[in-house]
Amino acid sequence: MSLSFSQARQRFRYLIAQPTLDLAAAALCPAQEFYPELDPDACCRQLDDLAAAISPNISTYPLKTIQAINQYLYTELGFSGNQIDYYDPDNSYLNRVLERRLGIPITLALVYLEVSQRLGFPLVGVGMPGHFLVCPTIEDMEVYIDPFNQGEVLFEPDCQAIFQRLYGVNAAWSSTYLAPIPTKALLARLLNNLKLIYLNRRDLSNTLIFLDYLLLLFPNEPSNSRDRGLVHYQLQNLLAARSDLETYLAYSPSAPDRDQILQLIDNITDNL
């Protein structure tokens, strides 16, 4: 199994280096760590099939196209947001979302983006804190789509209401929360969700897998180097821990936790 793990990461490294990132293929790489029999091409064909079924019903009117996508995905196929077990890791693995037709905002958004791309209907991801959305890239069409809630069409006040439901009525809203995010940032948010799910379960070995992916995606992100170093330390991988913690301080020489990290590096060195 460890061979397939390394192959999945090698494929991920290859995909993220391409001029245009194949989001679905990249999202399937970490899933292969847990489902080694997963066939990424078969999953991509499922997305092709979803788009092919919707294609006869799309329109030159964007709202009618959204309606056609929603009708097929949610009404006919029963895709839905997992309200009951939100933190089930399967909600974050694209293959399982396609199999179970169940997911969280970001993975249902991923399905929506991939299907719309195949239909020639341009959408982008919107990384609103706490609740991922998508929106059309059509000029002067400022609407947002909530793939977690049956593809509901929203305006900015609706998005603000969702945000304040999540964070409290006094939480400060900013229109910048509705800015489109780059594909790599979407992928990072998906990986980060999985990292936190396993970290909260105290499953350090699997937390480490997602820190590896995050550092492949953004090698110069200091907090991930620090976090991976701390996980390595808890797993008693002392050389790897020291290397990551030293990298963290090299990128963040004035980090607020600098003294604690230096002390930890000294402790590790004493125990090697």
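Which residues is His232 in contact with, leaving aside its neighbours within four places in sequence? The first exercise answers this.

**Ground rules**

This is a predicted model: local features need pLDDT of at least 70, side-chain atom pairs count only at pLDDT 80 or more, and totals for chains, interfaces and linings use all residues. Residues are numbered from 1 along each chain as its sequence is written, and side-chain values use heavy atoms, with hydrogens and water left out.

**Exercise 1. Place His232 and list its contacts.**

Step 1. Find the element. His232 lies in helix 10. Helices (H or I, at least four residues) and strands (E, at least two) are DSSP runs, numbered from the N terminus.

Step 2. Check exposure. His232 has a relative accessible area of 11%, so it is buried. Buried means under 20% relative accessible area, exposed over 50%, and partly exposed in between (1.4 Å probe, protein chains only).

Step 3. List the partners. Contact means heavy atoms within 4.5 Å. Beyond its neighbours within four places in sequence, His232 touches Leu208, Asn237, Ala240, Ala241 and Asp244.

**Exercise 2. Describe how helix 10 packs on helix 11.**

Step 1. Choose the descriptors. Two packed helices are described by the angle between their axes and the distance between the axes. Axes are lines fitted to C-alpha atoms, for helices over the stretch in contact, and angles run from 0 to 180 degrees between N-to-C directions.

Step 2. Read the values. For helix 10 (residues 222-234) and helix 11 (residues 238-251), the angle is about 155 degrees and the axes are 8 Å apart.

Step 3. Classify. Angles under 35 degrees count as roughly parallel, over 145 as roughly antiparallel, 65 to 115 as roughly perpendicular and the rest as oblique. Helix 10 and helix 11 are therefore roughly antiparallel.

Step 4. Give the hand. The crossing of helix 10 past helix 11 is left-handed. That term applies if the near helix is turned anticlockwise from the far one by less than a right angle; clockwise makes a crossing right-handed.

Step 5. Name the interface. On the helix 10 side, the residues include Arg226, Leu230, His232 and Tyr233. The helix 11 side includes Leu238, Ala241, Asp244 and Tyr248.

Step 6. Look at the connection. Gln236 sits in the loop between helix 10 and helix 11. Its phi is positive, about 65 degrees, although Gln236 is not a glycine. Gln236 is exposed, at 54% relative accessible area.

**Exercise 3. Do the same for helix 8 and helix 9.**

Step 1. The two axes come within 8 Å and cross at roughly 165 degrees.

Step 2. That makes helix 8 roughly antiparallel to helix 9.

Step 3. Helix 8 passes helix 9 in a left-handed crossing.

Step 4. Among the helix 8 residues that meet helix 9 are Leu187, Leu191 and Tyr198. Their counterparts in helix 9 include Phe210, Tyr213 and Leu217.

**Exercise 4. Which residues touch the most other members of the largest nonpolar core?**

Step 1. Define the term. A nonpolar core is a set of buried Ala, Val, Leu, Ile, Met, Phe, Trp, Tyr and Cys residues joined through side-chain atoms within 4.5 Å.

Step 2. Name the hubs. The largest core has 62 residues, and Phe12, Leu50, Phe79, Tyr112 and Leu187 touch the most other members.

Step 3. Trace the elements. Those giving two or more residues to this core include helix 1 (2-16), helix 3 (40-54), helix 6 (105-118) and helix 8 (183-200).

Step 4. Follow one hub. Outside its neighbours within four places in sequence, Phe12 contacts Ala26, Cys29, Leu187, Leu191, Tyr213, Leu216 and Leu217.

Step 5. Note the separate core. Another one, of 12 residues, lies apart, with Leu154, Phe163, Trp173 and Leu178 among its members.

**Exercise 5. How many disulfides does a search of the whole structure find?**

Step 1. Apply the cut-off. A disulfide is a pair of cysteine sulfur atoms within 2.5 Å. The search finds 0.

Step 2. Test Cys135. Its nearest cysteine sulfur, that of Cys159, is 9.2 Å away. That distance is too far for a bond.

Step 3. Add exposure. Cys135 is buried, at 8% relative accessibility. Cys159 is buried too, at 0%.

**Exercise 6. Where is Gln150, and what is its phi?**

Step 1. Gln150 is in the loop between strand 5 (144-146) and strand 6 (152-154).

Step 2. Its phi is positive, about 60 degrees, although Gln150 is not a glycine.

Step 3. Gln150 is partly exposed, with a relative accessible area of 40%.
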